[in-house]
Amino acid sequence: ENYFESIRRFTVPESDRRRVVDAYCSWYSQLQTPHAAELFAWARALLELPDPDHIRANKLLTSALSSSRRSGDPHLTRRILAFYLNLVWDINELAPIATTKFLRHCDQERDLCRELLGTDREQAAIRIARLCECIKGRVSAASDRVSAKTRDGLALRLLTAEALHAQLLFNDRHPTESADIARHVVESVRVQRLKLSDDPRWELLEMESLYTQSCAQAISGDFPSAVRSSATAARLARGSKSLLARKVLSTYGTMLLSEDPELGEAVLRECLALWTDDESSDAALVHVHLSMALVLQAYRSGSRASRRQKMLGEAATRMTRVHDACRRLGLYPDAGAAALVRGVVSALSDDGDDVAWFAQGVAAAARGRQMETLWRSHINLAAGLCRKEQAVSPTARDHAHAALEILQDTLSGYSEPERSPRFQMVQVGMAEAVWILLESEDEAGFAILERYPTLRTYFSDPAAGVLAPYDGGPRHYQWLRAGGVDYILY
């Protein structure tokens, strides 16, 4: 196989290429029970022929996909399915495939993209964009003779792809655009449901779109709207057998933390009771959200030390286990979220491990391209370093600078960013990061104060970079103070 892979990378005469491929395929044809990876490699080899054998390759890919799913190897399954669908879309560009098959492959691509949003956002972005283009091309080419059922089927797939695009955006510094797209999808779906009330797929799409809208609203800082959207989605989820129902209900639980952490905890424990604790991203996030509920209640428990330690202990155990499992499974966005919350637990417990956990959060979030978790991990790591060293180090400055770069990017979509709910949510961390820059004599700190004058209210002497003491007043619920610095939750 290594020899074949080397040959693929060079330009060789067709006759030599055919001999190599024929030898390779002959070797695999002699295997009595080839496993999924071997079937996959065999199919790829057939497609390297000067005249590719698409029919046989398709059969081998289908067998490889079935075998991989039976073996329980999600990484290999995603690789095979992605390759197979790439082949399908290439063929479709040359000659449109039958509508029934086209819709079925759209559904396969939808499911793959949902998985990739939790494992490889870069690939998810590419695939979602291609899916949208394929469906739009089919819609524009549809004639008046196309049945209403086919048009509705295409509309369902296109709106689903748009909802997935919105999910990509809210984790990639564009929550406002994401919320707008999600709102459009919700409105469009409700119009369709009036016509097709007996088709449950439209209800499922409304549930997913409301979930997406709620996440985008929360990241934008509009938590009251996020709670309302997720509550509506949760009502649909409670009567649903969809695999998405757990994610939707779990998200509702975490939105409730902004208003009632105890009720949020109850909803999240309900999720643990309703669904098996598997190795999926959705299962991991239930634990992340539940740990946030425990951290918030522990933080507010005041002098009730025993209750506080019990809650922080449970959160620490859950987040350590989830982080390790997600790293092993390649679920880097979820590993980053777990490390971030675990770091906050350490900061509140003052056990000295917070810096190490926030560093893990930065690494995992960067690898998973989860920008919302990334800036939070950066600012928490900068704050943790300052607390540990009782001084501002170059490393702390670099992480503060990285957090500010992401935050400014997320605020760029607002005409008046300082009046946005997003700014109200992030300003505590921005002020802390600016202080770190000013302490490091980094002129970028003054430039940010010029750009966002509201941040000056956090300083007793902005020109000298002196922070005003925190007066204990109300602020966004996700900011927690420990050891004289501020940390933010996931």
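How much space lies in the second largest pocket? About 600 Å³. A pocket here is an open set of points on a 1 Å grid over the protein atoms alone, with protein on both sides within 12 Å along at least five of seven lines, and lining residues have an atom within 4 Å of a point. Volume is the space filled by probe spheres set on the points, which are joined across faces, edges and corners.

The model is predicted: local features need pLDDT of at least 70, side-chain atom pairs count only at pLDDT 80 or more, and totals for chains, interfaces and linings use all residues. Residues are numbered from 1 along each chain as its sequence is written, and side-chain values use heavy atoms, with hydrogens and water left out.

**Second largest pocket**

Select Leu467, Ala468, Tyr470, Arg481 and Asp486, the closest to the pocket's centre of the 29 residues that line it. Then add helix H18 (371–389), helix H20 (421–439), strand S3 (479–482) and strand S4 (485–488), each of which supplies at least two lining residues. Helices (H or I, at least four residues) and strands (E, at least two) are DSSP runs, numbered from the N terminus. H20 gives the largest share, seven residues. Coloured by class, the lining shows 15 nonpolar, eight polar and six charged residues. Ala, Val, Leu, Ile, Met, Phe, Trp, Tyr, Cys and Pro count as nonpolar, Asp, Glu, Lys and Arg as charged, and the others, Gly among them, as polar.

**Two loop residues**

Next, select Glu441, in the loop between H20 and helix H21 (444–451). Its phi is positive, near 60 degrees, although the residue is not glycine. Glu441 is exposed, at 72% relative accessible area; exposed means over 50%, buried under 20%, and partly exposed in between (1.4 Å probe, protein chains only). Gln390, in the loop between H18 and helix H19 (394–411), also has a positive phi, near 55 degrees. Gln390 counts as exposed because its relative accessibility is 66%.

**Cores**

Select Val288, Val295, Met430 and Leu455, which touch the most other members of the 103-residue largest nonpolar core. Such a core is a set of buried Ala, Val, Leu, Ile, Met, Phe, Trp, Tyr and Cys residues joined through side-chain atoms within 4.5 Å. A second, separate core has 46 residues, including Ala41, Trp42, Ala45 and Leu154.

**Cavity and helix H14**

One cavity of 30 Å³ or more is counted; a cavity is a set of points where a 1.4 Å probe fits but cannot get out. Its volume is about 40 Å³. To find the largest cavity, select its lining: Arg246, Cys271, Leu272, Trp275, Thr276, Asp277, Ala283, Val286 and His287. Helix H14 (281–300) gives the most, three residues.

Stay on H14 and select Leu294, which counts as buried because its relative accessibility is 1%. Beyond four places in sequence, Leu294 touches Glu265, Arg269, Met311, Glu314 and Ala315; contact means heavy atoms within 4.5 Å. The C-alpha atoms of Leu294 and Ala315 are 6.4 Å apart.

**Helix H4**

Finish at H4, residues 54–71. Its end C-alpha atoms are 25 Å apart, which agrees with the 26 Å expected for 18 residues at 1.5 Å a residue, the expected span being 1.5 Å times one less than the number of residues. Show the buried residues Ala57, Leu60, Leu61, Ala64, Leu65, Ser67 and Ser68. Helix H3 (36–46) and helix H5 (74–94) are among what covers them. Gly72 follows H4, with a positive phi near 75 degrees.
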